[in-house]
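Reader: I have a new structure to look at, and the words used for such models still confuse me. Could we go through them one at a time?

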Amino acid sequence: MSISTAAKVLAGAALGAQAVSYVFNSHEELLRPPGTPGTIEGEAEFAARCIRCGKCIEACPYEAIYAYKSLTSPSAGTPVLDTRSKACRMCHDVPCVPACPTGALHDVEKPEDIDMGYAILDHEICISFKGLRCEVCYRACPLIDQAITIDYRVNENDSLHSVFAPIIDEEKCTGCGLCVERCITDEPAIRIVREGWELRESESDEWVPSARENLEGPRGEGVWM
Ligand code: SF4
Ligand code: SF4
Ligand code: SF4
C-alpha cells in the first residue's frame, strides 16, 4: 500500500470513527437543518459529510440555524436548530439545502420534502387535554390539517367539558418546530424528536410518540382529565 493510499485509509477510518462518535454523543438530541434525514443513519451520514463551513447558517434568512456551541461535544460547530427559540419557516425554495457544498444536506426540493423529525406531545402539559381550548400549535403549523389535526371529543368522564386535542401525523410532520415555537405553555407541551432517538426513561411516560395512540386508548387511562 502506497503512503498516500494508507493516508486515505487512515483518514477514512478517522472520519468513520468521528461519525460514530457524533452519533453516539448525539443523544444530545441535536436537531439538524432540512436535508438531514431525522434518523440515526441520517445523522451518521450528516456527521461524515458536514465540514462545519456554516454555509447553511448564512443561507437561512430567518437565522433559524446556528453553530452548536460546546467545549466538549464532537458536534461543536455543526449546524443545529432550537425550535423553541426559532423554528424553521419551511422556505418555499429551502435555500439552506443547496447552500451545502458537501451534500451533508440533500434531497429536499420543496418544503414538504423536509424530514427533520416529528412533533410529539406531552398530554400532562398540553392544556387541550385538560378540557381547555387552545389549538395554537394547530394554527401555527404550515401543514395545517395535514401534519396536525384537531380531534374533537366530548370528555366522557365529565359531561361539562369537551377536548380539542392536537393529533400529529408523523409521516406528514416535517419537524419544522413552528408548533414548538408557538406553544403557549411555559414548558412547551410539544417538541420535536428524530426517528430512532429514544426518549429518556424519566420522560417516556409523559411524552407520547403519537398522540393518536393515546387518544385511541380507553378513556380514563390518564389521558383524559
Ligand atoms: S428552510 Fe428556510 S427557515 Fe428552514 S432552515 Fe432552511 S433556510 Fe432556514
Ligand atoms: S413540526 Fe409542528 S408545525 Fe411543523 S409540520 Fe410538524 S406539526 Fe406542523
Ligand atoms: S399550543 Fe401547546 S398547549 Fe396549546 S394545544 Fe398545542 S401543544 Fe397544547
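Reader: Which word fits arginine 32 and glutamate 43, buried or exposed?

Author: Both residues are buried. That word means under 20% relative accessible area, while exposed means over 50% and partly exposed lies in between (1.4 Å probe, protein chains only). Please keep in mind that this is a predicted model, where local features need pLDDT of at least 70, side-chain atom pairs count only at pLDDT 80 or more, and totals for chains, interfaces and linings use all residues. Residues are numbered from 1 along each chain as its sequence is written, chains are lettered from A and ligands numbered from 1 in the order in which they are written, and side-chain values use heavy atoms, leaving out hydrogens and water.

Reader: What makes arginine 32 and glutamate 43 a salt bridge?

Author: Their closest N and O atoms are 2.9 Å apart. The rule asks for a side-chain nitrogen of Lys or Arg within 4 Å of a carboxyl oxygen of Asp or Glu, so the pair qualifies. Arginine 32 sits in the loop between α1 (3–25) and α2 (40–49), and glutamate 43 is in helix α2, so the salt bridge ties together parts eleven residues apart in sequence. Helices (H or I, at least four residues) and strands (E, at least two) are DSSP runs numbered from the N terminus.

Reader: How many salt bridges are there by this rule?

Author: The count is eight. One of them joins arginine 49 to glutamate 45, with the closest N and O atoms 3.5 Å apart. These two are four residues apart in helix α2, which means about one helical turn lies between them.

Reader: Why is arginine 49 called partly exposed?

Author: Its relative accessible area is 36%, so partly exposed is the right word for arginine 49. Glutamate 45 gets that label too, at 30%.

Reader: How do you know that aspartate 113 and lysine 110 form a salt bridge?

Author: The closest N and O atoms of aspartate 113 and lysine 110 are 3.0 Å apart. Aspartate 113 is partly exposed at 27%, and lysine 110 is partly exposed at 42%. Elsewhere, salt bridges with shared partners link Arg32, Glu43 and Arg194 into one network.

Reader: Why does threonine 185 count as buried?

Author: Its relative accessibility is 13%, so threonine 185 falls in the buried class. You will find threonine 185 in the loop between α6 (178–182) and β6 (190–193).

Reader: What does the side chain of threonine 185 reach?

Author: It comes to 3.2 Å from the backbone nitrogen of alanine 189. A polar contact is a pair of N or O atoms within 3.5 Å; within protein, one must be able to donate a hydrogen and the other to accept it, and residues adjacent in sequence count only if both atoms are side-chain atoms. Setting aside neighbours within four places in sequence, threonine 185 is also in contact (heavy atoms within 4.5 Å) with Arg84, Ile125 and Ile127.

Reader: Why is alanine 64 called buried?

Author: With a relative accessible area of 4%, alanine 64 belongs in the buried class. This residue lies in the loop between α3 (55–59) and β1 (65–67). Beyond its neighbours within four places in sequence, alanine 64 touches Val80, Leu81, Lys86, Ala87 and Cys88.

Reader: What makes strand β3 mostly covered?

Author: Five of its five residues, 118–122, are buried. Tyr118, Ile120 and Asp122 point one way, and Ala119 and Leu121 the other. In a regular strand the side chains alternate between the two faces of the sheet.

Reader: How do you know that β3 and β6 pair?

Author: They share four bridges, in the antiparallel sense. Pairing takes at least two bridges found by DSSP, so the pair passes. In one of these bridges, alanine 119 is partnered by isoleucine 192 of β6.

Reader: Which residues are closest to ligand 3?

Author: Cys126, Ser128, Cys134, Cys137 and Cys183 are closest, among 13 residues that surround it. A residue is near if one of its heavy atoms lies within 4 Å. By class, this shell has ten nonpolar, two polar and one charged residues. Ala, Val, Leu, Ile, Met, Phe, Trp, Tyr, Cys and Pro count as nonpolar, Asp, Glu, Lys and Arg as charged, and the others, Gly among them, as polar.

Reader: How do the residues around ligand 2 divide by class?

Author: Nine are nonpolar, three polar and none charged. The residues around ligand 2 include Cys141, Thr174 and Gly175. Around ligand 1 there are eleven nonpolar, no polar and one charged residues, including Arg89 and Cys60.
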